[in-house]
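Here's a protein model to explore together. Have a look at it first, and then we'll walk through how its pieces pack.

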Amino acid sequence: MSESVEARSAVLEPVTGRVLVVDDHAQARQSMADVLGQAGHEVRCCSGGHEALGLATEECFDCIVTDLKMPGMDGLEFIVQLEKRRHPAQVVMVTAHAT
């Protein structure tokens, strides 16, 4: 046998991390933050790209969830700016618009 019974039945601990949620719609932002927080993640929120870029420059995040359509700096420009700063976070883009 290549695997023991204990190894096959071991329960893996959930992986949690620091997540930044960026969305200009307060209800969507809070809903995402609630779900991620209940899953054990440490969550910070911002209402726009400029605010989020400042926070991401000051703090390290494992994942950033950003809306696509936002006033001022949209999600695509936000990602470009993160890449210019070589921020190591994985980015997930969401949108309520059919694009």
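First, a bit of vocabulary: helices (H or I, at least four residues) and strands (E, at least two) are DSSP runs, numbered from the N terminus. What you're looking at is a predicted model, where local features need pLDDT of at least 70 and side-chain atom pairs count only at pLDDT 80 or more, while totals for chains, interfaces and linings use all residues. Residues are numbered from 1 along each chain as its sequence is written, and side-chain values use heavy atoms, leaving out hydrogens and water.

**The overall layout**

The protein has 4 helices and 4 strands, and reading along the sequence gives you the pattern α-β-α-β-α-β-α-β. Of its 99 residues, 32% count as buried (buried means under 20% relative accessible area, exposed over 50%, and partly exposed in between, using a 1.4 Å probe and protein chains only). A contact here means heavy atoms within 4.5 Å. Among contacts between residues at least 6 apart in sequence, 65% join residues at least 24 apart.

**Two helices side by side**

Two packed helices are described by the angle between their axes and the distance between the axes. Helix α3 (residues 49–58) packs against helix α4 (residues 75–84) at an angle of about 20°, and their axes are 10 Å apart. That makes α3 roughly parallel to α4. Axes are lines fitted to C-alpha atoms, for helices over the stretch in contact, with angles running from 0 to 180 degrees between N-to-C directions; under 35 degrees counts as roughly parallel, over 145 as roughly antiparallel, 65 to 115 as roughly perpendicular, and the rest as oblique.

Who does the touching? On the α3 side you'll find Gly49, Ala52, Leu53 and Ala56, and on the α4 side Phe78, Gln81 and Leu82. By class, this contact has 5 nonpolar, 2 polar and no charged residues (Ala, Val, Leu, Ile, Met, Phe, Trp, Tyr, Cys and Pro count as nonpolar, Asp, Glu, Lys and Arg as charged, and the others, Gly among them, as polar).

**Inside the core**

In soluble globular proteins, nonpolar side chains tend to be buried together. A nonpolar core is a set of buried Ala, Val, Leu, Ile, Met, Phe, Trp, Tyr and Cys residues joined through side-chain atoms within 4.5 Å. The largest one here has 14 residues, and those with the most contacts inside it are Leu20, Val22, Ala52, Ile64, Phe78 and Leu82. β1 (18–22), α3 and α4 each supply at least two residues of this core, with the largest share, 4 residues, coming from α3. A second, separate core of 5 residues includes Val19, Val21, Cys63 and Val65.

**Three residues to click on**

Which of these are buried, and which exposed?

| Residue | Where | Relative accessibility |
|---|---|---|
| Ala56 | helix α3 | 4%, buried |
| Val94 | strand β4 | 28%, partly exposed |
| Arg86 | loop between α4 and β4 (90–94) | 75%, exposed |

Not counting residues up to four places away in sequence, Ala56 touches Leu20, Phe61, Leu82 and His87. Ala56 and Pro88 are 32 residues apart in sequence, and their C-alpha atoms are 10.0 Å apart in space.

Val94, with the same kind of neighbours left out, touches Met32, Val65, Thr66, Asp67 and Leu68. The C-alpha atoms of Val94 and Val65 are separated by 7.2 Å, although these two sit 29 residues apart along the chain.

As for Arg86, this residue has a positive phi of about 55° although it isn't a glycine.
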